[in-house]
Amino acid sequence: MRILPVGESALLVEVSGGQEAEALHAELVRRRAEGLLAVREIVPAARTVLLDGLAEPDRVAAELAAAQVPPVLPRGERIVELPVRYDGPDLGTVAAHWGVPAREVARVHAATEFRVAFCGFAPGFGYLTGLPERCHVPRRSSPRTAVPAGAVALAGAYTGVYPRSSPGGWQLIGTTDAVLWDHTRVPAALLTPGTRVRFVPVGRVGGS
Amino acid sequence: MTDRALAVVRAGALTTVQDLGRPGHAHLGVPRSGALDAPAAALVNRLVGNPVTAAVLETTLNGCALRPRSAVTVAVGGAPCAVSVDGRPAAWGAAVRVPAGALLEVGAAVAGVRSYVAVAGGITVEPVLGSRSTDLLSGLGPAPLAGGTVLPLGRPYGPHARVDVAPQPRPPAELVLRVTPGPRADWFTPRALTVFTSRPYRVSPAGNRIGLRTEGPALERARTGELPSEGMVLGAVQVPPDGRPVVFLADHPTTGGYPVIAVVRHRDLPAAAQAAPGTPVRFLAVGRR
C-alpha cells in the first residue's frame, strides 16, 4: 500500500490491484460509518481509493500506514438484477475476440456475477468486474459519438451500462431497460461501489 | 407560476444557476459543481440578504439581461461590468432595486470572465441531490439559461446589506497558481517539472467550467503507458497527451486516467475562474501547507 498526498486535503491510497482496492474501499466506508474516519469523499477506482476533504491528511496517512486492511471482500452486499437483450452492434466483434459464437458471449456474460468496482465517467456509470482475463476486450478504435442509454458494454476488464445517451468507445453487446440513474429516486444510482450485479437475458441473442 | 419570478431576456454566452454545489457524491460519478468564483457568489448573496447557500446566476464574458415580474433587490459582482435598470446606470457590487417589469442588464465583463447575479430570496429551481447548480459535465441541475427561460424566486430572507460598494478582488492580470507537486509527478521527467514551475503559460480560450486549459510548453512524460483511472480532486493539474496542463474546476470528472502532476491551492481557484483567455499563468511550487 502506497499513500500519496494530493494537494492540501486529500490522499490517494494505491494498492496492488482491483480486488485490493475494493477491499480497501469497503474498509474505509466501514470506518467512516463507525465514526473513525472524517472524510467528505471516498472515491474507489481501478487500483486506488481517493480520500478527499480531510481536515488532517497527515494524521490519517499515518493511521492508514499502521493499519491492517483486511484483504477480503465483504459478503452479503445487495444484488441487483439487470434484464438484458444481447443485441449490441459489437456482439460479433466481442465474439471474435473471445473466439466463440455470439450466443456463447451472452451465455458467459449472463452466468457471471459482477461487482461494481467503482463509478465514474457519468453519474450512475459503474465499472463492473467479474469477467475472467481471457474475456477482456479493447475499446473500439474509434469511439461512437452517441451510445444509447441502457447500452451494455465491455472494455478492458470491465462491463458497464450507459446511464444516458453519451459518446462512448466501449464495445456494445446488449441493451437493458433498467433505469441506472434517476435523480428523483433515493438512491439516485442503481449501481454503487460494492453492489453485486447479474445480467438476466431476455429475448433472443442478436435481437428479437 | 407566482410573480416571484425572473424572465430571461438575453441569456448571454453561458449563464448558469449556481450554488455551493453537490459535494459528497463523487463515488457515484457526480461532479461537485457550484460557483467557480465562490467568494464572489457569497458576496452578492450577502449584499441582498441571502444566506451563502442561495442559488445565484453565473454569467460568462458577456453578461445577460433579466426582467423580474415583481420588484426585487439584486446585486451583481465577480467580474466587473456595467449594470443598468431600464437603461439607467446602476451600481455594480451593491444592492440595486429593480421595479416589476423593468429590464436589468448585466453588461459584458470589462475584466475577468464570470459575473454573479444574486436576487433576494435566491433562484429556487428544483434542487438535484441537494444543489441547484448546473453541472455542464454530467448534465445535472437546470439547463443553461436560454432566452424566454423563467426562473422561480424565493421569498426575501431579510434586509439587504447597507453598503455603498463592497470591495472585491480585481481579476488577475497574471494568474499565479500555487501548486503542490504530486500525486503523479513521477510520471514526468525532471525537466518537465522544472518547465512546469518556471516557464510562462497562458489561459487558453478552450477552457470551461470543467477545466482551465493552458497554452505553453508541453510537459514530457518519463513513462509511457496508461494510468488506470483514479479519483480526481478540485484543482488537480491533469496533463493530457498533448502535454498542456489542465486545471480541474468545479465540473471536473470524478475519475480520470491522465496523470496529475500537481494540485492547485484551493484559495487560488477563484482567481483562476476570472482569468480571461490570454492571461499569463505561472505555476508556483509550494509545500503542502
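Hi everyone, let me start inside chain B: the lining of the second largest cavity divides into eight nonpolar residues, two polar and one charged. Here Ala, Val, Leu, Ile, Met, Phe, Trp, Tyr, Cys and Pro count as nonpolar, Asp, Glu, Lys and Arg as charged, and the others, Gly among them, as polar.

This is a predicted model, where local features need pLDDT of at least 70 and side-chain atom pairs count only at pLDDT 80 or more, while totals for chains, interfaces and linings use all residues. Residues are numbered from 1 along each chain as its sequence is written, chains are lettered from A and ligands numbered from 1 in the order in which they are written, and side-chain values use heavy atoms, leaving out hydrogens and water.

A cavity is a set of points, on a 1 Å grid over the protein atoms alone, where a 1.4 Å probe fits but cannot get out; lining residues have an atom within 4 Å of a point. Points are joined across faces, edges and corners, and a volume is the space filled by probe spheres set on them.

Back to our cavity: its volume is about 60 Å³. Helix H1 (residues 38-47) of chain B gives the largest share of its lining, four residues; helices are DSSP runs (H or I, at least four residues), numbered from the N terminus.

How much space lies in the largest cavity? About 100 Å³. Its lining includes A:Glu41, A:Leu50 and A:Asp52, along with B:Arg32 and B:His252. That lining divides into seven nonpolar, two polar and three charged residues. In total, the count comes to four cavities of 30 Å³ or more.

Terms used: On a 1 Å grid over the protein atoms alone, a cavity is a set of points where a 1.4 Å probe fits but cannot get out, and a pocket is an open set with protein on both sides within 12 Å along at least five of seven lines; lining residues have an atom within 4 Å of a point. Helices (H or I, at least four residues) and strands (E, at least two) are DSSP runs, numbered from the N terminus.
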